Amino acid sequence: MDRLRSEARSRVAIGVVGPSDLVEEIMMIGADLPGAADWRLVGAPHAGEHETYEKFSRIADSIDVVLFTGPLQHDLARQAGELPVPATHVPMSGASLYASLLRGVLTQGIDPARVSIDSLPAADVDEAYGEIGVSTEGVHLSEYDQPESARGFAAFHEQLYRQGATTAALTTIRSVAGKLAAEGVPVLRMLPTSHTLRLALNTAALLGTGSRLEESQIAIVVVELAASARPTYSGPGNYWQQELKLSLHQSLLADARLMGATVTARDENSYVVTATVGALAQATDGFRVAPFMDRIRADAGVAVEVGIGLGTTARDADSNAMVAVEKARGVGAAAAYLVGGDGVVLSLPLRQRRRVESEPVVATKAAKLLERLVEALGDGPLVVDAEAVAEVLEIAPRSARRVLQSLAEEGLAWPMPPVKGTQAGRPRQPYRLVKG
């Protein structure tokens, strides 16, 4: 029994989600393919498209990759929630159109030059009709463009048939075919060919295998404070530094928990995050955006330099991470850098945060003052004192101190350790501005 379980775990598990008839056909085709010994198919048929994500969720923990029976199921699942495994779908193409048209001509006597077709791209329809020598002048098409477009397919077909413009409807969606049949509209369901299904299964198997390889690799991320964000001196008495370290650690943990990663302090100014390549790939949209940087800027208001190293061993990954963070230092924390096990170097830009339009931002007086100060400082360090604020805002030093205090109360500035001057008098109190 243990041997059988071990063998099952070693095979790539492919989930198949979609209408029951297509799921059953894919399972049968998959069992006869040459690579069947290397994968295990897990079926999750649904009775209606609204069940897609629910059915997928039930098998998500037991599969390495999911194959949806069409783009509609794929998009519905993505809209409903996160897909924790790689996903692909059976593509729609003109190949399924030939068999449907032939079946309609032979069994229902439809006129292929007067039909309505949904889902397929216009180029595929033109190509298919061109090959059979039939004009598309009387053919009506409604292309698929996200799930919202599919909601109008049934009405599209029925209206054309009632107007006498078509002799039948051709659809890829089972529920649409059911609605039209119930309304007495001649309908043909276009199904992917066996060849298309075999190609889709092979694609899913490759994705699952790649995911397995990624999960076995190690990713180490070095996150360190940018030089401009580091305190002027260190020590247990520097409460600002201790608060900053706590904020930085909490921000890292918030993202690290989502990817099952660990966070450990490396020194006074940096942390090490250890994860698998697969988990980090999902958190960075396939290594297209930098991890951690946007959250830390929002939570702690400081810039960090992020270097990512990949490798089959922890030593290799750590070595690559140090090379990567050195490259990040060179661009002033404007992007994260990744160095792969094969030496490939990638630059990962910051994730662009979208402002929610339904929640208008009302700038406070303090926020407006902050904008003026940041603009005046330009590309320089965001550190000011009362004298600098007084000069920029053209106010008295006493008023400038009150401005800085109000910015600190609203979390728009960090008080830094006082700096003793060469002359007698009150020590200079610098603040680091927190740029939003």
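This is a working chat about a predicted model of one protein chain.

Biologist: Before we get into details, how many helices and strands does the protein chain have?

Modeller: The protein chain has 17 helices and 17 strands, and please keep in mind that the model is predicted. Of its 436 residues, 45% count as buried, and the chain exposes about 22,800 Å², of which carbon and sulfur atoms supply 52%.

Biologist: And what share of the contacts with a separation of 6 or more comes from residues 24 or more positions apart?

Modeller: Residues at least that far apart in sequence account for 61% of those contacts.

Biologist: OK, the interior then. How many residues are in the largest nonpolar core, and which have the most contacts inside it?

Modeller: The largest nonpolar core has 34 residues, and Leu252 and Ile296 are the ones with the most contacts inside it. At least two residues of this core come from each of strand S9 (218-225), helix H11 (239-258), strand S11 (270-276), helix H12 (277-283), helix H13 (293-299), strand S12 (304-311) and strand S13 (335-339). As background, nonpolar side chains in soluble globular proteins tend to be buried together.

Biologist: What does isoleucine 296 touch, leaving aside residues up to four places away in sequence?

Modeller: With those set aside, isoleucine 296 touches Val223, Leu248, Ser251, Leu252, Gly301, Val302 and Val304.

Biologist: Switching to charges, how many salt bridges are there?

Modeller: The count comes to 11 salt bridges. One of them joins aspartate 255 to arginine 295, with the closest N and O atoms 2.8 Å apart. That pair links distant parts of the chain, since aspartate 255 is in helix H11 and arginine 295 is in helix H13, 40 residues apart.

Biologist: Are those two buried or exposed?

Modeller: Aspartate 255 is buried, because its relative accessible area of 16% falls under the 20% limit, whereas arginine 295 is partly exposed at 27%.

Biologist: Which residue does arginine 266 pair with?

Modeller: Arginine 266 forms a salt bridge with glutamate 224, and the closest N and O atoms are 4.0 Å apart. Arginine 266 lies in strand S10 (residues 262-267) and glutamate 224 in strand S9, so the pair ties together parts that are 42 residues apart in sequence. Glutamate 224 is buried, with a relative accessible area of 3%, while arginine 266 is partly exposed, with 36%.

Biologist: What about the pair formed by aspartate 255, and which residues are joined into one network by salt bridges that share partners?

Modeller: The partner of aspartate 255 is arginine 295, as above, and the two sit in helix H11 and helix H13. The network of salt bridges with shared partners is made up of Glu224, Arg266, Asp267, Glu305, Glu326 and Arg329.

Biologist: How far apart in sequence are glutamate 54 and arginine 58?

Modeller: They are four residues apart in helix H3 (residues 52-59), which means that about one helical turn separates them. Glutamate 54 forms a salt bridge with arginine 58, and the closest N and O atoms are 2.7 Å apart. Arginine 58 counts as exposed, at 59% relative accessibility, and glutamate 54 is partly exposed, with a relative accessible area of 39%.

Biologist: Last topic, the outside. Which residues make the nonpolar surface patch of about 300 Å²?

Modeller: That patch is made by Leu102, Val105 and Leu106. Leucine 106 lies in helix H5 (residues 95-108), and leucine 106 is exposed because its relative accessible area, 65%, is over the 50% limit.

How values were computed:
Residues numbered from 1 in each chain as written. Predicted model: local features only at pLDDT ≥ 70, side-chain atom pairs only at ≥ 80, totals over all residues. Heavy atoms only, no water. Patch = residues over 30% accessible without salt bridge, like charges linked within 9 Å, V, L, I, M, F, W, Y side chains within 5 Å. Areas by Shrake-Rupley, 256 points an atom, 1.4 Å probe, with all protein chains shown as cover. Salt bridge = Lys/Arg side-chain N within 4 Å of Asp/Glu carboxyl O. Buried < 20%, exposed > 50% of the residue type's maximum accessible area, 1.4 Å probe, protein only. Core = buried A, V, L, I, M, F, W, Y, C linked by side-chain atoms within 4.5 Å. Contact = heavy atoms within 4.5 Å.
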